[in-house]
Amino acid sequence: MALLASALWTLSSFTVLLASVHSNVQMDEDPFQPVTSDEMVSVGGTVTLTCRVTESDNSSLQWSNTAQQTLYFGEKRALRDNRIQLHRSTPTELSITISDVQLSDEGDYTCSIFTMPVRTARATVTVLGVPAKPQISGYEDAVEEGGTVTLTCSSSGSKPPAKLRWYKGQDELQGRPDMESDPDERTYTVTSRLQLTVTESDNNVLIACVVDHPSLDHPSLDPSVKRTEQALSVLFSPRVLIQPESDLPREGEKFHLQCVGNGNPDPTSFHWEKKDGVLPPLAKVDGSFLRFEMLNKSDNGVYICQADNGIGKGLGDYTLLVQDPTAMSTSSGVDHAVIGGVVAVIVFILLCLLIVLGRYLIRHKGTYLTHEAKGSDDAPDADTAIINAEGGHSGAEDKKEYFI
């Protein structure tokens, strides 16, 4: 019995489902049923509401607002609101526009056609509250390396609530979000707090707060309205580098070393000393410079500079090796080596050409002598060879006279 009851209940449910589907199909196939669509618009924008029917029996279409006040009845304006204008009116369509949309315009709008019975359709208008440009607060003075910076970013007027994102360069940082609603305006104020432990590399880095909201996704919108940046200033001890006047300090010449300190702020105090000794008598300290009036090989050694910027001190060193007055720089030596190599290649090519030319001349001279003695090789004795040679000459002369 239980099984039979279950089967009957399933059959009855299926019958009801078929009936409801059939009813929906009949409604969808009703040529006089108005068709609308939901719309989304930002505050200050313009929205278009369109109502269509497949067929018309000359009954008028009508649009009503959220308070059921008639806006347009066919082509006739019913409500005195200059923001609402007629867009298109035909027997099968009624379209209107609402400009300068406000949050109070949000809600369900009704399209009606006065047939028997009256048919209606609703269009829900969602109004987005545009968030204000984000503002960063909490940063006032420079922070020493290793310290903590606390930044707060806020943006008001969004609906639905906007999201705030933090960036350092291209890297996204994680903040702590918060939200506050404004019941009177039906909007939200969102905030996000970021805590960051700074290092030397964060000096002059831009921290950006970006607001993310559907109303700001239009490509024509200026990106600056949803982004705010804050530059960080990090105080750190100087990193010291000693730069020589030249790479080849020669004996007897003037020379100087410069102490360069990279810190924030820039160093203002410099101290020079020579490792394992005192500064040479002819060496003079001039702020960040150590000047040598005349170099001597006794000046060789390691020189140390200490720079102080009030935040900390930094040290740098340089090993001075004084060269002979005739010493050449490494670059000059390289140039001379290149020139010597080129000259050697040219001399080698010339020698090769001379050898080839000499062999060519010797080979052709031997051929000439062979032709000159031709005819004497087959002679049985010396007298005959001489006669043949003379005959050859005379023949040549006769041949020469013949051609002349």
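Me: In which helix does Ile-346 lie, and is Ile-346 buried or exposed, or something in between?

Reply: In this predicted model, Ile-346 lies in helix α2, which covers residues 330-372. Buried is the word for a relative accessible area under 20%, and exposed for one over 50%; Ile-346, with a relative accessible area of 45%, is therefore partly exposed.

Me: Which residues form a nonpolar patch on the surface with Ile-346?

Reply: The patch is formed by Val-338, Val-342, Val-345, Ile-346, Phe-348, Ile-349, Leu-350 and Leu-353, and together these residues have about 760 Å² of accessible area.

Me: How should I read the open sheet, and which strands stand at its edges?

Reply: For an open sheet one reads the order of the strands and then looks for those that have a single partner. Here five strands follow the order β11-β19-β20-β23-β22, and their pairing is mixed. The edges are taken by β11 (143-144) and β22, each of which has a single partner strand, so that one side of each is left without a neighbour in the sheet.

Me: In what sense do β22 and β23 pair, and what is the bridge partner of Ala-283?

Reply: β22 pairs with β23 (residues 289-292) in the antiparallel sense, over four bridges, and the bridge partner of Ala-283 in β23 is Phe-292.

Me: Where is Lys-275 found, and what does Lys-275 touch away from its sequence neighbours?

Reply: Lys-275 is found in the loop between β21 (269-274) and β22 (283-286), and counts as partly exposed at 47% relative accessibility. Leaving aside residues up to four places away in sequence, Lys-275 touches Val-302 and Ile-304. Sequence separation and distance in space are read together: Lys-275 and Gly-301 are 26 residues apart in sequence, while their C-alpha atoms are 7.2 Å apart.

Me: How many salt bridges does a search of the whole structure find, and which parts of the chain does the pair of Glu-200 and Arg-239 link?

Reply: The search finds 16 salt bridges. In one of them, Glu-200 and Arg-239 have their closest N and O atoms 2.7 Å apart. This pair links distant parts of the chain, since Glu-200 is in the loop between β16 (187-197) and β17 (206-212), whereas Arg-239 is in strand β19 (residues 234-244), 39 residues apart. Glu-200 is partly exposed at 24% relative accessibility, and Arg-239 is partly exposed at 38%.

Me: What is the N to O distance between Arg-291 and Asp-286, and which residues do shared partners join into one network?

Reply: The closest N and O atoms of Arg-291 and Asp-286 are 3.1 Å apart in their salt bridge. Salt bridges that share partners join Arg-52, Arg-88 and Glu-93 into one network.

Terms used
Residues numbered from 1 in each chain as written. Predicted model: local features only at pLDDT ≥ 70, side-chain atom pairs only at ≥ 80, totals over all residues. Heavy atoms only, no water. Helix = DSSP H or I, 4+ residues; strand = E, 2+ residues; numbered from the N terminus. Buried < 20%, exposed > 50% of the residue type's maximum accessible area, 1.4 Å probe, protein only. Contact = heavy atoms within 4.5 Å. Patch = residues over 30% accessible without salt bridge, like charges linked within 9 Å, V, L, I, M, F, W, Y side chains within 5 Å. Areas by Shrake-Rupley, 256 points an atom, 1.4 Å probe, with all protein chains shown as cover. Salt bridge = Lys/Arg side-chain N within 4 Å of Asp/Glu carboxyl O. Pairing = 2+ DSSP bridges.
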